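Below are some notes for a colleague who has the coordinates open, set out as numbered points.

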Amino acid sequence: MSTVTLTIDGIKVTVPEGTTVLEAARQAGIAIPTLCHDPELSAPGACRLCVVEIQNMRNLPASCVTTAAEGMVVSTCSETVVEARRTILELLLANHPEDCLTCAKSGECALQDYAYQYGVRKAGFAGERHDYPLDESNPFIVRDLNKCILCGKCVRACDEIQGRTVINFAFRGFATKVATPMDLPLGESDCVFCGSCISVCPVGALTPKQMLGTGRVWEMRKVRTICPYCGTGCTIELNVKDGKVVGITSTPEGTVNGRALCVKGRFGYNFIHHPDRLTAPLIKQPDGSFREADWDEAIALVAEKFGAIKTAHGSDALAVMASARCTNEDNFLANKLARAVFGTNNIDHCARL
Amino acid sequence: MCQCCCSAEPVVDPKAQKLAGVFSKYRGEKGALIPVLQAAQEIYGYLPKEVLESIARELKMPLSKVYGVVTFYAQFHLKPRGRYVIRVCQGTACHVRGASQIMEALQEKLAIKDGETTTDLKFTLESVACLGACGLAPVMMVNDETHGRLTKDVVLKILEQYE
Amino acid sequence: MRRVLICAGTGCVASGSRKVTARLKEELDRQGLAEQIKVVNTGCHGFCEQGPIVIVEPGDIFYCQVQEKDVPDIVAKTLANGEVVDRLLFKEPGSGQAVTRYHDIHFYAKQQRLVLKNCGHIDPENLDEYLAVEGYEGLKRALTTMTREQVIEEVKLSGLRGRGGAGFPTGVKWEFAYNSPGDKKYVVCNADEGDPGAFMDRSILEGDPHAVIEGMLICGYAIGADEGYIYVRAEYPLATHRLRVAIAQATDRGYLGENILGTGFNFKLKIKEGAGAFVCGEETALLTSIEGNRGMPRVRPPFPAVKGIWEKPTNINNVETFANVPVILRKGGSWYASIGTERSKGTKVFALTGKIINTGLAEVPMGITMREIIFDIGGGIQKGKEFKAVQIGGPSGGCLPKELLDLPVDYDSLTQAGAMMGSGGLVVMDETTCMVDVARFFLNFTQKESCGKCTPCREGTKRMLEILTRITEGKGEMTDIERLERLAKVVKNTALCGLGQTAPNPILTTLRYFRDEYEAHINEASCPARVCKELITYWIHQEKCNGCTRCARSCASSAIAGAAKQPHSIDPAKCSKCGVCIEKCRQGAIVKLTGKERQLVKH
């Protein structure tokens, strides 16, 4: 494959042809801020935060959509570039609530990070701000369009990753917003609540409802594991605080799924700490009620009854149905139990259904 | 016993029939959404939700995309419009020759604001960037008719033509 | 045979030319002259203010502001007896001298009409009339005697540059599309003329639609395209109608379709009607719109010549550019290049509007000075007022002061001065125009028309407009100027498309040439042009007022009080500052006060 060599901030970088200036800079260890750019999504070049100065090019091109060319001389931190980025951040903040103190995204908000990095303390431009009602129409996603910076990642994720295209840009200019058809609340749309939009949102415009108030980002321990629902094997991250799972997020590093999850995988974790969840074996009494027992008693009882059935009706009178929520090791043991102990091949698994 | 109307003439909505004609005209054509929306608006006077839904279905595209296009262009309307659409030019030439007074006079007479429609669905009032008839500034259009050299009195007289 | 040419452009139709036509035909029938005199409805003469315009040939007699009632005189005197009806002649502003011949009118005499040549002189709905004036000869020459490469060379040789905005060399653009590999290519004509104050493209489409079609055909042949689109804005129903007629006729006669002129060249042409979005005049937004999407611009590169409609190589030019092509092919590139300046060749059509005497379309050779256009062709400033500035290039352009009146009008000089050729809108402003208000007007426009895709344009135009509005309302601070300038530069540098990148131009040029007006608004609460309502007070000069009561009777807000024959006075609390009283006053007693003067009336 042919390569091109360019100079970025005085560093010579050689990259494969077709690489963007942004990628080339990142390969050279030079950080360029981005809001609308996402390696997994198409590139609109819309937020303009990643602008750089390129010799012999008019204006400041956006590095995320500018292809590196042989001999290009790029400056990513000239005074003009920094001034432009700072102004763009000021513009975004001028139309963004200043409620970082209570915002769920605080601590992992790209806008907050860049404002800090570029020393933008205030909006700088007084004027009209959006005043959209909060969309809490559904149990899963809280949409606060006042915080939306219109990077459009959610629109692209819904379209390009999930293939649903439930949301799109609507209206234009300053009135542009991300909307469902007829601008209805998400709960009244065809949204399936996969939450892919949340996973790509760089700010606090889209947040998981169940995690609201459960803890700050920096208090969470992220434990990477596999989703217990179906057999796809999506990577998830348990957000653990004080030994409790308070939420599930996805990660771009998920080998099977990237950041995509389904509604169950992303939001269906309440069973973990649910009071109705069974944590001790129960034995049914002659009157139909259940009595709590210990494991030794319960297993002895089950073994006795299975033995009786096997003696009376043969091995194939027994069958095992395993669950996808169990680990592979558990399922392996269930398989052993069926074949080696019961002596039957009657075993199946819910994820096959 | 069968109570349905299969023996009688099927009930056809003439507008829906026209729309079906539009669909067959544009079937398989690339980039058909905007002309289809224009034709649909021509038929219905505006773009009701059900029409948008059937357009999305026919053109096999997400409704959110149809909605995004409809709200982007000034020409498309989601609410019923007046029989006569008055478009008052607010271009440079008209601006310097008092277009805002013309707009004010119309708003006062029709008791509606820019972008609104009278309750009897007779007039819709809109401002438009430039009608390209700068030599006659200030100018307005009523449907496809252009009226120029407007003054407050002239405007009121023109309105009477559309009674 | 005598011909009567009646303008049927949008402007003249609005002034009643259809009625004049109907009446004329009726009258000719009645007097039994219908056989000897041909009535032709033409396109626009570009002098809409004087409409309806009627020209009688031979004789080149020019009648203006003709109404139905004038028809019998025209028939009886001019058509029957060859006499001139004096009262219908054009009177030169200033001298008041009546001019009989069309070509003797100053407005036309100083023009050099290549593109507008047929406008007003042929029936745009009749292909034969176009053919009679060498129509489709350029195409014929290209198809039958030239290779595709030679056509491109000819256009390059002519030096023609895009007439829609930035002025990119047309031949070079064609060459890019020609060189782009691909089995399918498109030609697109940008007829989404949206600049407020520009209407040359409308006039060309209404007056000479075949010239545009011919230009597109030549381009299609040159780059290897067999399909084209004309994207016309929704506000131009008549232009769209004329194009439809022209396409149908050209198809009928074998100038469009399969095997054109028997040369094996195929080309089909479709009209796409815009749906009301100024930004679609930006070429990538236009292509996105043709594809049926929200008209949001895409990042360039890839340029349309490489990836245009449906990712196919596409060449896009505007109406006036295409309309220049036939004459280049007919008369040759070097002939065309002999007109104009070193780097700007040919002619350019300007739309003269604003506080100028002769409002209309003026086609002039490149390099002519602004002074010649405004004072010689335009007849100077209305009501004897003083010239202050000219806004050139629409919302993307800039305001140039009187010091630059002798600036030659060409692409590079204008860009250097901070304005741009743009589509050629030329809005003339006098001493009663406030430059801050003008900047606010344009920003209000671009802000409304911003597509909303990129941050600097979506948020930046909004904030610039807010700052300007504050200043015009007397609520500005000196830091606002610095803030405005900084923001304007960033938006210019970082916006995604041409609309955003040029939106700050009106601000940057007014700050450059009229900074003192900004400062007066802020520091002295004064609007020197006495335009910004919040900064002016209407006041009646007590010594001059004779108490005629005309002002009081005309005041819609009942803000003027005073007994008959006694000096009147205005209640500032009630006054809506509409200005009607000033127009009514014959004594010149009512004045607008601004800045410190307003203390006169502070109670």
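1. Which residue follows α3(A), and is its phi positive or negative? The residue is A:G119, and its phi is positive, near 65°. This is a predicted model, in which local features need pLDDT of at least 70 and side-chain atom pairs count only at pLDDT 80 or more, while totals for chains, interfaces and linings use all residues. Residues are numbered from 1 along each chain as its sequence is written, and chains are lettered from A in the order in which they are written.

2. Helix α3 of chain A spans residues 110–117 and has A:L111, A:Y114 and A:A115 buried (20 or more other C-beta atoms within 10 Å of the residue's own, with C-beta atoms placed from the backbone; helices are DSSP runs of H or I, at least four residues, numbered from the N terminus). These buried residues lie on the same side of α3(A), because they cover an arc of only 105° around the axis, taken from the directions from the helix axis to the C-beta atoms. They pack against α2 (79–93) of chain A.

3. The largest nonpolar core (buried Ala, Val, Leu, Ile, Met, Phe, Trp, Tyr and Cys residues joined through C-beta atoms within 7 Å) has 290 residues, and those touching the most other members include A:C154, B:L37 and C:I218. Helix α10 of chain C (residues 209–223) gives this core its largest share, ten residues. Apart from this core lies another, of 13 residues, among them C:Y538 and C:C551.

4. Chain A is divided into domain 1 (3–77), domain 2 (216–277) and domain 3 (282–349), with bounds from an automatic or database domain assignment. The C-alpha centres of domain 1 and domain 2 of chain A lie 35 Å apart.

Key. Buried ≥ 20, exposed ≤ 12 C-beta atoms within 10 Å, placed from the backbone. Helix = DSSP H or I, 4+ residues; strand = E, 2+ residues; numbered from the N terminus. Contact = placed C-beta atoms within 7 Å.
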